[in-house]
Amino acid sequence: MEYTIRFAEKRDVSAILGLIQELAVFEKEPDAVIVTEADLLKYGFGDKPLFTCFVVEKESKIVAIALIYIRFSTWKGQTVHLEDLIVSDAHRGSGLGTLLLNEVIKYGYSLGVKRICWEVLDWNAPAIKFYESKGATLLKDWYLVQMDETSIKNYIDNI
């Protein structure tokens, strides 16, 4: 199969959102996605893009994405955060995950970052095995900490 990997363009937003929604179903949170195509256009392709996205195209159809952004580590400096690497269900196991991860790593290397990081669900054994096979380290002694919209509002209301 022939695939093309490239930077996402505005015309890809609908397909990107479709893959994000597919991931939400896979991760057992089908109603969790609130981001819209307008959000993706604004924050990925506006005046000050907040993310970069690689897409994999096969026969003019987007079948996988890797969405990344730059963040700053007080210990390491500029780092790349891989928010999501998504391969459509029909194309899993075809090597696209490796091709996309290669692009992310090469991109980070070209920027001179000292770290590339991401999260993986503890029950997603195939993804864990995949990342470990690529030399990634799973930090099992760290917890992911988040505040959702309600928590943020409650916090603000109580300070």
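**View 1. F54 sits buried within strand β2 of this predicted model.** Let's start with one phenylalanine: F54 has a relative accessibility of 3%, under the 20% cut-off, so F54 counts as buried. Its strand shares that setting: six of the seven residues of β2 are buried, so β2 is largely enclosed by the rest of the structure. On the neighbouring strands, F54 has a partner in each direction of pairing: F7 stands opposite F54, and in β3 the bridge partner of F54 is A66.

**View 2. F54 and Y107 form an aromatic pair.** Seven aromatic pairs are found in the structure, and here is one of them. The ring centres of F54 and Y107 are 5.7 Å apart and the planes meet at 80 degrees, so the pair is edge-to-face. It links distant parts of the chain, with F54 in strand β2 and Y107 in helix α3, 53 residues apart. Y107 has 21% relative accessibility and therefore counts as partly exposed. Together with F7, these two residues make up one aromatic cluster.

**View 3. Five strands build an open sheet.** Follow the strands across in the order β1-β2-β3-β4-β5, and you will meet mixed pairing along the way. At the edges are β1 (4-7) and β5 (115-117), each of which pairs on one side only. Neighbouring strands are turned against each other by 25 degrees on average, with direction ignored. Helix α3 lies across β1, β2, β3, β4 and β5, and runs at about 165 degrees to β4.

**View 4. Strands β2 and β3 form a hairpin.** Two residues lie between the strands, and E59 in the turn has a positive phi of about 50 degrees. The two strands pair in the antiparallel sense over seven bridges, and K58 stands opposite K61 in β3. On the β1 side, four bridges join β1 to β2, and these strands also run antiparallel.

**View 5. Helix α1 packs on the sheet.** Helix α1 covers residues 13-26; at 1.5 Å a residue its 14 residues should span 20 Å, and its end C-alpha atoms are 20 Å apart, which agrees. Which residues of α1 are buried? They are V13, I16, L17, L19, I20, L23 and A24. These residues cover an arc of only 160 degrees around the axis, which puts them on the same side of α1. They pack against α2 (37-45), β2 (52-58), β3 (61-73) and β4 (77-87). The direction of α1 makes about 85 degrees with that of β3. After the helix comes K28, whose phi is positive, near 65 degrees.

**View 6. Helix α4 has buried residues along one face.** In this helix (residues 125-133), A127, I128 and Y131 are buried. Looking down the axis of α4, you find them within an arc of 100 degrees, so they line one face of the helix. On the other side, P126, K129 and S133 are exposed. What covers the buried residues of α4? The cover includes β4 and α3 (96-111). Just after α4, G135 takes a positive phi of about 95 degrees.

Notes: Residues are numbered from 1 along each chain as its sequence is written. This is a predicted model: local features need pLDDT of at least 70, side-chain atom pairs count only at pLDDT 80 or more; totals for chains, interfaces and linings use all residues. Side-chain values use heavy atoms; hydrogens and water are left out. The expected span of a helix is 1.5 Å times one less than its number of residues. Buried means under 20% relative accessible area, exposed over 50%, partly exposed in between (1.4 Å probe, protein chains only). The arc is that of the directions from the helix axis to the C-beta atoms. Contact means heavy atoms within 4.5 Å. Two strands pair if DSSP finds at least two bridges between them. Axes are lines fitted to C-alpha atoms, for helices over the stretch in contact, and angles run from 0 to 180 degrees between N-to-C directions. Rings of Phe, Tyr and Trp (its six-membered ring) pair if their centres lie within 6.5 Å; planes under 30 degrees apart count as stacked, over 60 as edge-to-face and the rest as tilted.
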